[in-house]
Amino acid sequence: MLLIAAFVINGSLAVVAILLHYEALFQLDRFLPKVAHIAPRFRVLIGVGAIFVAHVFEIWLFALGYFFTLQFPAMGGLVGNISGHGFLLDCAYLSFVTFTTLGYGEIVAQGYLRYLTGVEALTGFILITWSASFLFIEMQKYWSLSKTNQNK
């Protein structure tokens, strides 16, 4: 039963993070052409900033997932170098290093909770590469437009 609960929680968090990211990129794609009066290189920076904020929201989503799951001791726990600054911040730290696939190992999930770290790492990897692809396409659009305007 606990394994099923872990799969439902993990799958739900991944789906919500993916949908949130999709919506962020969709809205950004609609917004950037509307600010044509801003220099192309600054539009790319707006994109980077917006995507950074989206990733932070997604990381906190997983952090809240850890925190919620840890309210049920049978689901597992965290071991390692717990900071003492609050359990939610430890969950956020674990989420940041897992989402970005750094995986320092200072804090480690045990029990069914460790499956969430795997799901988050895969989700983070996919969303970060999706962001990089989006920004590459945007840079190609705006930077080649900028070069065209300079040649006139």
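A residue is called buried when its relative accessible area is under 20%, exposed when that area is over 50%, and partly exposed in between, with a 1.4 Å probe and only protein chains considered. The model is a predicted one, in which local features need pLDDT of at least 70 and side-chain atom pairs count only at pLDDT 80 or more, while totals for chains, interfaces and linings use all residues. Residues are numbered from 1 along each chain as its sequence is written, and side-chain values use heavy atoms, with hydrogens and water left out.

Helices and strands are taken as DSSP runs numbered from the N terminus, a helix being H or I over at least four residues and a strand being E over at least two. The expected span of a helix is 1.5 Å times one less than its number of residues. Helix α1 covers residues 2–31, and because its 30 residues at 1.5 Å each should span 44 Å, the 43 Å between its end C-alpha atoms agrees with expectation. Along α1 the buried residues are A6, N10, L13, A14, A17, H21, L25 and L28. An α-helix has 3.6 residues a turn, so residues three or four places apart point the same way. Helix α3, of 13 residues (87–99), should span 18 Å, and its end C-alpha atoms are indeed 18 Å apart. In α3, the residues D90, C91, A92, L94, S95, V97, T98 and F99 are buried, and just after this helix T101 takes a positive phi of about 60°.

In soluble globular proteins, nonpolar side chains tend to be buried together. A nonpolar core is defined here as a set of buried Ala, Val, Leu, Ile, Met, Phe, Trp, Tyr and Cys residues joined through side-chain atoms within 4.5 Å. The largest such core has 15 residues, and those with the most contacts inside it are F62, Y66, L78, L113 and L116. The elements giving two or more residues to this core are α1, α2 (40–69), α3, β2 (107–111) and α4 (113–151). A second, separate core of eight residues includes L25, L28, V44 and I51. With contact meaning heavy atoms within 4.5 Å, and leaving aside neighbours within four places in sequence, Y66 is in contact with C91, L94, S95, T98, L113, L116, T117 and E120.

On the outside, W60, L64, F67, I82, F87, L88, L89 and F96 make a nonpolar surface patch of about 630 Å². The elements that give two or more residues to this patch are α2 and α3, and α3 gives the most, with four residues. One residue of the patch, L88, is found in helix α3 and counts as partly exposed because its relative accessibility is 32%. H85 lies in the loop between β1 (76–80) and α3, and this residue is exposed, with a relative accessible area of 63%.

Side chains of opposite charge can pair when their charged atoms come close. A salt bridge is counted when a side-chain nitrogen of Lys or Arg lies within 4 Å of a carboxyl oxygen of Asp or Glu, and by this rule the count comes to two. K141 and D29 meet in a salt bridge at 3.7 Å, N to O; K141 lies in α4 and D29 in α1, so the pair ties together parts that are 112 residues apart in sequence. E138 and K141 also meet in a salt bridge, at 2.9 Å, N to O, and being three residues apart in α4 they are separated by about one helical turn. D29, E138 and K141 are thus linked in a network of salt bridges, in which K141 is partly exposed at 40% relative accessibility, D29 is partly exposed at 34%, and E138 is buried at 2%.

Technical notes: Patches are made of residues with over 30% relative accessible area and no salt bridge: like charges are joined within 9 Å, nonpolar side chains (Val, Leu, Ile, Met, Phe, Trp, Tyr) within 5 Å. Accessible areas come from the Shrake-Rupley method with a 1.4 Å probe; for residues, only the protein chains shown count as cover.
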